[in-house]
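Student: Got a minute to go through a model with me? I'd like to talk it over piece by piece.

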Amino acid sequence: MIWQLDLAILTLVVVTAVGAIYIKDLLGTAILFGAYSFLMCLLWSIMGAVDVAFTEASVGAGVSTVFFVGAVFRTTRRTKD
Amino acid sequence: MTQLLSEILTKYNYWIYITLMMIGLYAMIAKNNLVKKIVGMNIFQTAIILFYVSIGSKKGGTIPIIKHDHGAASHVVHAAEYINPLPHVLMLTAIVVSVATLGVALALAIKIYHRYQSLEEDEILAQIREK
């Protein structure tokens, strides 16, 4: 485990999490959540959990983002907070 | 003081996991939009999964696939050289469960939107109180 890479990706994970919470557009939330899941996948391959990493890449970053985008298009992009 | 500081800095990953978990908890409690609450729930879940996987990782360990697999029966397997795979397997189940939860939660949110024409919690509650 390379700690510089680990720390950089962990910082990016926190930044994307806060961004996904605060952005005033639900499509933006969906896209930032996809980026969050992909960074999470990188973090797991750094930790040596390769099986968890590729499950997260397909299921977390792939299917979850599709679900979110689908739900946003079936409902609305507008949000107050 | 310096000892406390080094104690904090060497365990920096745990502090960031707790930060992520609190971001998720804040979003679940304080946000008004249902989709943002669902995003917060997912962030909370991934923070816990991250914590469990990081328990299993060790310094200098390799990924948990046995080396020299052909004729592995004649080799002695040194378990200390490999990263502990037990948390990985448990958390694999948790990821699948979290996606199933996400699907159900989004389906409920779509149903609520079609009935009340809004995803905001306060507007939905106001409409319920009017009836």
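Student: What do the buried residues of helix 3 of chain A pack against?

Tutor: Keep in mind that this is a predicted model. Within chain A, those buried residues pack against helix 2 (26-46), and from chain B they meet helix 3 (34-56) and helix 4 (86-116).

Student: Which residues of helix 3 of chain A are buried?

Tutor: Val52(A), Ala53(A), Thr55(A), Glu56(A), Gly60(A), Ser64(A), Phe68(A), Ala71(A) and Val72(A).

Student: Where is the kink in helix 3 of chain A centred?

Tutor: On Glu56(A), with a bend of about 35°. Glu56(A) is also one of the buried residues just listed.

Student: And what does helix 3 of chain A span, end to end?

Tutor: Its 25 residues, 50-74, reach 35 Å from first C-alpha to last, which is close to the 36 Å expected at 1.5 Å a residue.

Student: OK, zooming out. What's the secondary structure of chain A?

Tutor: Three helices and zero strands, so to speak α-α-α when you read along the sequence. The C-alpha atoms fill a box of roughly 40 × 20 × 10 Å along the principal axes.

Student: How much of chain A is buried?

Tutor: Buried residues are 40% of its 81 residues. As for contacts in chain A with a separation of 6 or more, 53% of them link residues 24 or more positions apart.

Student: Switching to the interface: how many residues does each chain put into the contact?

Tutor: Chain A gives 36 residues and chain B gives 38. On the chain A side, helix 1 (3-22), helix 2 and helix 3 each give two or more residues. Helix 3 of chain A has the largest share there, with 12 residues.

Student: What's the chemistry of that chain A side, in nonpolar, polar and charged residues?

Tutor: It divides into 22 nonpolar, eight polar and six charged.

Student: Which residues touch the most other members of the largest nonpolar core?

Tutor: Trp44(A), Val39(B) and Val53(B), out of 39 residues in that core. At least two core residues come from each of helix 1, helix 2 and helix 3 of chain A, and likewise from helix 2 (12-30), helix 3 and helix 4 of chain B. Helix 3 of chain B supplies the largest share, 10 residues.

Student: What does Trp44(A) touch, leaving out residues up to four places away in sequence?

Tutor: Ala49(A), Val52(A), Ala53(A), Glu56(A) and, across in chain B, Val53(B). Among those partners, Glu56(A) is where the kink in helix 3 of chain A is centred.

Key:
Residues numbered from 1 in each chain as written. Chains lettered and ligands numbered in written order. Predicted model: local features only at pLDDT ≥ 70, side-chain atom pairs only at ≥ 80, totals over all residues. Helix = DSSP H or I, 4+ residues; strand = E, 2+ residues; numbered from the N terminus. Expected span 1.5 Å × (residues − 1). Bend = angle between axes of the 7 residues up to and from the residue. Buried ≥ 20, exposed ≤ 12 C-beta atoms within 10 Å, placed from the backbone. Contact = placed C-beta atoms within 7 Å. Nonpolar A, V, L, I, M, F, W, Y, C, P; charged D, E, K, R; others polar. Core = buried A, V, L, I, M, F, W, Y, C linked by C-beta atoms within 7 Å.
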